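Dear colleague,

Please find below the structure I promised to hand over, together with its sequence. My notes on what was found in it follow.

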Amino acid sequence: MMQKPAQRLTLFLLLAPAILWLGLLIVLPHVEILVLSFSERVAPRVYAFGFRNYLEFFTEPLYWRTFARTAFMSILVTALTLVLAFPIALYIARVAQGRVKAMLLLLCLLPFWVSELVRTLGWMMLLRETGVVSYILRAVGAADQPVELLYNDGAVILGLVYGGLLFMIVPLANALESLEPAVVEAGFDLGGSRWTVLRRIVIPHAMPGIVAGCIIVFMLTVGNFATPVLLGGKNGLWFTEQIYAQFITRFNWPQGAAFGMLLLLLSSAIVWLGLRLTGQSLGTTLKQA
Amino acid sequence: MNRPSLAWKLYIAAFYVFLFAPLLIVAIFAFNASPFPSPPWRGFTLEWFTGSGAAFGKPGVLTDPVWLSSIGNSFKVAIPVALLAVLVGTVNAWVLERAEFRGKTFLAMMMLWPLVIPGVVLGISILAFFSRLANGLEDWLQTDLDFLRPGLSLVILGQLSFILTISTLIIAARLRKFDRSLEEAAFDLGASRTRVLRTVTLPFLRPSLIGAGLVALLMSFENFNTTLMLVGSDAPLPITMYGQMREGATPAINAVSLLLMLGVGGIASVFALTAKAER
Amino acid sequence: MTLCIGSVMAPSTDLDIVRVTKRFGAHAAVDDVSFSVAPGEFFSILGPSGCGKTTLMRMIAGFEHPTSGDIRIRGQSMIGVPANRRPVNMVFQSLALFPMMSVGENVAYGLTCRGVSRAEAEERAGRMLERVGLKGFGERRVTALSGGQRQRVAIARCLVLEPTLVLLDEPLGALDLKLREHMKIELKQLQGTFNTTFAYITHDQSEALVMSDRIAVMNQGRFEQVGSPRELYHNPATPFVASFVGETNRLQGEASASNGAIAVRLPSGAVVQGQGRAGQAALAFVRPEAVALAQDPSLLGSLPNRFEGRVSAVLFDGAASSLLIDTAGFAEPVRAVLPQAGPLAGIQVGAPVHVGWTADAMKVFAA
C-alpha cells in the first residue's frame, strides 16, 4: 500500500532526532577518529594517510604493554567480581525472602548511584599512608609506622572490583531468580550433592546472567579512567590514561585516535566473543542488566 | 540450599560492610575538625560545609566559589541533558514501538550501540569531530563558534550520546506495556488525536518520563570519563573533585561528597515512589 | 451462502451495512456482507474466532476502512468519517477503562471531548452512574472496582453520549462463569431500559441466544444466516449454523429422496429419515432434546427413526446433563438429554435403551 505524503512527513519528523543523535554524536565522530588515526604528520600542519600511529603503538613498549596490562587486568577483575558476586546474588535470589530481599538489593544499588569519584575517595581515605586502615593498624600495634596501601596493583584491582560488583550482582540475581525451586529440589532428590547441584543445575541456568554481567563489568573496567589513575597513581598504567595523555596533554590527536580505535576494538572484540561463545544477543544481554 | 550456612551469612555481612565502608568513611570525615581528610578524629565541626575559612585557612563548600561554581556547572549540564533525554527519548520510543518502516531493526541496534563504546572513546571522538566541524564552519562563516569547542555545551552533547540510549530504553519499555485499545477507546469517545495523546497516552507514560529524567540527571551529574575529554574552562563537579583528589584536598571534598550522597538518596527515593505508583 | 437482507433506505434503520468487503492482501476478512439493524434492536454477530466479526465491528466503529461497500448510520454514509466523529461508541473486549482517571472522569470523558463544561459533564456522569447502579462511585479509581462494576462503567461511558449505536466486542469474555451468566441478564435489561441499539459480537452462542433479538452467524468472512435465536436454533439454514449453534448430533451419509422426506443412508447401511435438501453426499443433524428414549420399543412406534442402543456414558451437568448412547449402525454415540424424571430417571451406564426421533427433527443438508 502506498503511504500518504503526510504519513511520510510524520515518520520523517519522528526519525529526525534519532538520526541527528546517532549521526552527529556516534557515527560521524567515529568515522572522524578512524580517519584521524590513519593520518600522520609529514610537515607542520600537513597530514597524510599512513599507518605510523599504529606502528608507533607496536614499537613503543610502554604503549603495547599498557594495552596488554589493561586487557589482562580487566579480565582478572571480571573473574574476581564474578566469584565474589555469585554467593551474594545466590543469597538475594534464592535464600532471602520478601522485604529482606528487597532491602538487600536496594542496599546493593545505593552505593552505585553515588559518583564513582566519591567511592574512589572513600578507598583513598581508607588505604593511603595517612588513612584509616594504616591508623588502625598502628593503633592496635600491628604496625609501628604508617603503612602505604595505595598506589599498587592490589588497590587498583580492589577499586575496580568494587565498582563492578553491582553490574554483576543484578544480572546474576535476575538469572538465578528464574530458576524453578522444584528443579533444584529434584537435583537433591536424585542424589546430587550441593556441589553437583550447583555445578550441573544452578550455574548452567545462570549462564545468560553470568555472560551479561561479565561483559558489562569488562567494558566498564577496560574503559575506566579515574579508579586506576587515583588508586594506582604512577603505577596505575591504564590504557585510557594514554589516550587522555595523547589528546589533552601532548595534543597528538592522530596518535590518541589510533589508541581510541584500539580500545574500541578490544572492548568490541571481547563483547563479541562473549556473545558468540554463549550464543546470546546484545539486546537480550543488555536487558538482563 | 534454603538453609544458608553460617559462613555464607558471615560472607554476606562482610560484603555489605565492604560495600558501605568507603561511603561511611567519606561521610564521617566531612565533620572532622582537621585541615586534612584523614584520622585522627579531632572533634566535630560544620566548618567544611558553612565555614568561611577562618578556622582552617580553607573555606567550606557552601562559601567556596570553586565548589559553588562547579555545582552550578553540573546543573547547567544536567538539566538540559535530562530535559533533552526525556524529549528525544520519548520520540525515539515512539519510533521503536509504533512506527513501521524498513531498517527499523537496524536502527534499534544502532540505538543500543553507544552502551558498548567506552566513555573515553565517546569523548575523544566527539571532541575530534566537533573540532573539525568548528574549523570548517568558522572558515566558511567567518565567525567564532565557541559552543562547538570544549566547554559545557560539548559536555552536554557528549553525555547525551549515551544517556539517550538509557532514556529511550526506559520509555520504550513502558510504551510497550501500553494497551492500544485505551487510545482507541478515547478516540471512539470523540477525542481528537492530540487530546488522546494529552489525556491518555502521556499520563500513562508519565512515571517513565519522570524516571528517565531522574536517571539522566544522575548519570549526567556523575559522569566523568566522557566529560573529562570535552570539558573546557568551566569544570563540572566530578572534574573539580578529580583535580582536588590528585592534588590533595581538604575535608571540603568530603562535605561535597556527602551532599551528593544525600541528593542521590533523595532522587532515588522519588524514583522508588514513582516506581511504586506505577504498579 | 450469503443471506442478503435488502438494505432498506428508510430512516427505520439505525445501521445499514451494504455489501461491505475488507481485504488484507489477498485474504478477505469480511466478504460482501450486508445487513440492517433496527432502532432499539439487540443485534449479535456470532462466529468462531477469526471469522471476521472483529474486523466488521472495527469498520463500524471507524478503526478500519472497508475495501468496498458502504456503512450507513441513520442513513448517513460513514465512509471517510473518523471514529471520533461517528455517533457510535464501543465497549472494548478489554473494557479499556482509563486507569489514570477516576470512575467519574471515565464516564465524563466523552462529554468533555464534546466541549460540555466540566460541571455539567460531572453532573451528567453522576446521573448516568446512578442509572447503572453505581451511585457514589464517581471518585473511585477504576482499578478498585469488581469485574461487573468495571463492565457497567464501560457501558455507562458510552451511553452517556447517547449514541445511535453501541458496539460491544465480547465484553463478557474476561469474566468468570457465574458473573458472566449474571451480566448477560443485566446487559439485556440495561439495553431495554435505555432502548439503545446494541450490536454485540461474540463467539459464545449462549451469550448470543440469551440476549439477542436477532443473530447473524458469521463464518469465513460471510454471513451464514441472520434470524431470531429460535429460528437459528430450530431452522438452521446451513450445516455450519446447525453445528455451531447449540449441541447437535451430526451424521454423514448418502441421500436418496423418499416420500415427502429425505432418506440418508449411513456408511453402515442404516437409514435415517429427515427434512431438507441434498444431492449425493448429505449431512444430517438432530438435537439431543429431540431424541426420545424408551426401554420398550413400542413406545416409539410412530417415529420414522428408531434404533437400539446401550448407554455408554452419563454426563451429569445439572439441567444440561446428557447421555451418550452407543447405537447400532452409528459411527459416533448418539447424544440425548438425560431423563431426570419418569421411568428412565436414574439410568446407568450399560443399560439397553431405544432411541427415536421424527423426520422433522432431523435437518438434512448437502455436504
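What share of the contacts in chain C with a separation of 6 or more comes from residues 24 or more positions apart? The share is 63%. Please bear in mind throughout that this is a predicted model.

**Confidence**

The model as a whole has an ipTM of 0.87 and a pTM of 0.84. For chain C the average pLDDT is 88, and 96% of the residues reach at least 70. One stretch calls for caution: residues 1-10 of chain C stay under 50 in pLDDT. For that stretch the model has 21 contacts beyond four places in sequence. Where pLDDT is low, the predicted coordinates should not be read in detail.

**Chain C in outline**

Chain C has 367 residues, of which 44% count as buried. Its secondary structure consists of eight helices and 20 strands. The C-alpha trace of chain C extends over about 75 × 45 × 35 Å along its principal axes.

**The barrel in chain C**

A barrel is found in chain C, closed by five strands in the order 11-12-13-20-14, with mixed pairing. From one strand to the next, the twist averages 55°. Strands of a sheet pair through backbone hydrogen bonds, either parallel or antiparallel.

Strand 14 of chain C, residues 281-286, deserves a closer look. Five of its six residues are buried, so strand 14 is largely enclosed by the rest of the structure. In the barrel order, strand 14 follows strand 20, and its pairings are as follows.

- Strand 11 of chain C (residues 249-257) runs antiparallel to strand 14 and is joined to it by six bridges. Within this pairing, C:Ala281 of strand 14 is the bridge partner of C:Glu254.
- Strand 20 of chain C (residues 363-366) also runs antiparallel to strand 14, with four bridges between the two. Here C:Phe285 has C:Lys363 as its bridge partner, while C:Ala282 is matched with C:Ala366.

**A hairpin and two positive phi values**

Strands 9 and 10 of chain C form a hairpin with two residues between them. The two strands run antiparallel and are joined by five bridges. One of the bridge pairs is C:Asn219 with C:Arg222, the latter in strand 10.

Most residues other than glycine have a negative phi, and most peptide bonds are trans. Two residues of chain C may be set against that background. C:Gln220, in the loop between strand 9 (214-219) and strand 10 (222-227), has a positive phi near 50°. Is C:Gln220 buried or partly exposed? C:Gln220 has 14 other C-beta atoms within 10 Å and is therefore partly exposed, given that 20 or more would be needed for a buried residue and 12 or fewer for an exposed one.

The other residue is C:Ala96, whose phi is positive and near 55° although the residue is not a glycine. C:Ala96 is placed in the loop between strand 6 and helix 2 of chain C. C:Ala96 counts as buried because 24 C-beta neighbours lie inside 10 Å.

**The contact between chains B and C**

Strand 6 and helix 2 of chain C, which flank the loop that holds C:Ala96, also appear in the contact with chain B. How many residues does each chain bring to this contact? Chain C supplies 17 residues and chain B supplies 16. On the chain C side, the elements that give two or more residues are strand 6 (88-91) and helix 2 (103-113). Helix 2 gives the most, with three residues. By residue type, the chain C side is made up of 11 nonpolar, four polar and two charged residues.

**Chains B and A**

In chain B, helix 10 covers residues 237-247, and its buried residues include B:Leu237, B:Pro238, B:Ile239, B:Thr240, B:Met241 and B:Tyr242. Just after this helix, B:Gly248 takes a positive phi of about 95°.

For chain A, an unreviewed UniProt entry places the feature "domain: ABC transmembrane type-1" at residues 67-274. In the model, that span is 81% helix and 0% strand, and its end C-alpha atoms lie 20 Å apart.

With kind regards

Definitions and conventions. Residues numbered from 1 in each chain as written. Chains lettered and ligands numbered in written order. Predicted model: local features only at pLDDT ≥ 70, side-chain atom pairs only at ≥ 80, totals over all residues. Contact = placed C-beta atoms within 7 Å. Nonpolar A, V, L, I, M, F, W, Y, C, P; charged D, E, K, R; others polar. Pairing = 2+ DSSP bridges. Axes fitted to C-alpha atoms, helices over the stretch in contact; angles between N-to-C directions. UniProt positions renumbered as here; feature names shortened; annotations may be inferred. pLDDT = per-residue confidence, 0-100.
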